[in-house]
Amino acid sequence: MVDGSILPSELISSNALSSARSYGVSFVLNGYLYYVGGQISGGANNTVSYAQLNNNGTIGPWTNDSTSLPATKQGAAAVVANGYAYIIGGSETSSSFFDTS
């Protein structure tokens, strides 16, 4: 919120991702919150999920995009520039690599 106040937790946590994930990367782009990749049940995944950020500060329902990352990612970083999101680095299950998606 603009005034620095914190929203009640029931407004912030009212919508959950379709599956529990950790070590994913999140970013905001064009009014949507994205959560990309992460770890599910011990392995990295390539899912791209997004939810609209509503004017009242709440998060809309999460949707899994029909397009996924070209490779599984966990522990990556994200940069947003000029209307594009760049997913950088991260690792697949046990092998590390440093590319951009």
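## Exercises on a predicted protein model

Among contacts (heavy atoms within 4.5 Å) between residues at least 6 apart in the protein's sequence, 37% link residues at least 24 apart. Before we start, note that residues are numbered from 1 along each chain as its sequence is written. The model is predicted, so local features need pLDDT of at least 70, side-chain atom pairs count only at pLDDT 80 or more, and totals for chains, interfaces and linings use all residues, while side-chain values use heavy atoms and leave out hydrogens and water.

**Exercise 1.** Find the average pLDDT of the protein and the stretch where pLDDT is below 50.

*Solution.* Start with the term: pLDDT is the predictor's confidence in each residue, from 0 to 100. Its average over the protein is 81, and 77% of the residues score at least 70. Next, look at residues 94-98, where the pLDDT is below 50. Beyond near neighbours in sequence, this stretch still has nine contacts in the model.

**Exercise 2.** List the elements of the protein from the N terminus on.

*Solution.* Helices (H or I, at least four residues) and strands (E, at least two) are DSSP runs, numbered from the N terminus. Counting them gives one helix and eight strands. Written in order, they read α-β-β-β-β-β-β-β-β.

**Exercise 3.** Work out which strands stand at the edges of the open sheet.

*Solution.* Two strands pair if DSSP finds at least two bridges between them. Four strands form the open sheet, in the order β1-β2-β5-β6, with antiparallel pairing. β1 and β6 (63-64) each have a single partner strand, so they stand at the edges and one side of each lacks a neighbour in the sheet. Now step inside the order: β2 and β5 (residues 48-52) pair in the antiparallel sense over five bridges. Here Leu33 is found opposite Ala51 in β5.

**Exercise 4.** Locate Tyr23 and Asn30, and decide whether each is buried or exposed.

*Solution.* Buried means under 20% relative accessible area, exposed over 50%, and partly exposed in between (1.4 Å probe, protein chains only). Take Tyr23, in the loop between α1 (9-12) and β1 (25-29). Its phi is near 60 degrees, a positive value in a residue other than glycine. Tyr23 counts as exposed because its relative accessibility is 56%. Asn30 lies in the loop between β1 and β2 (32-36), and has a positive phi near 50 degrees, again in a residue other than glycine. With a relative accessible area of 65%, Asn30 is exposed. For the whole protein, buried residues make up 29% of the 101 residues.
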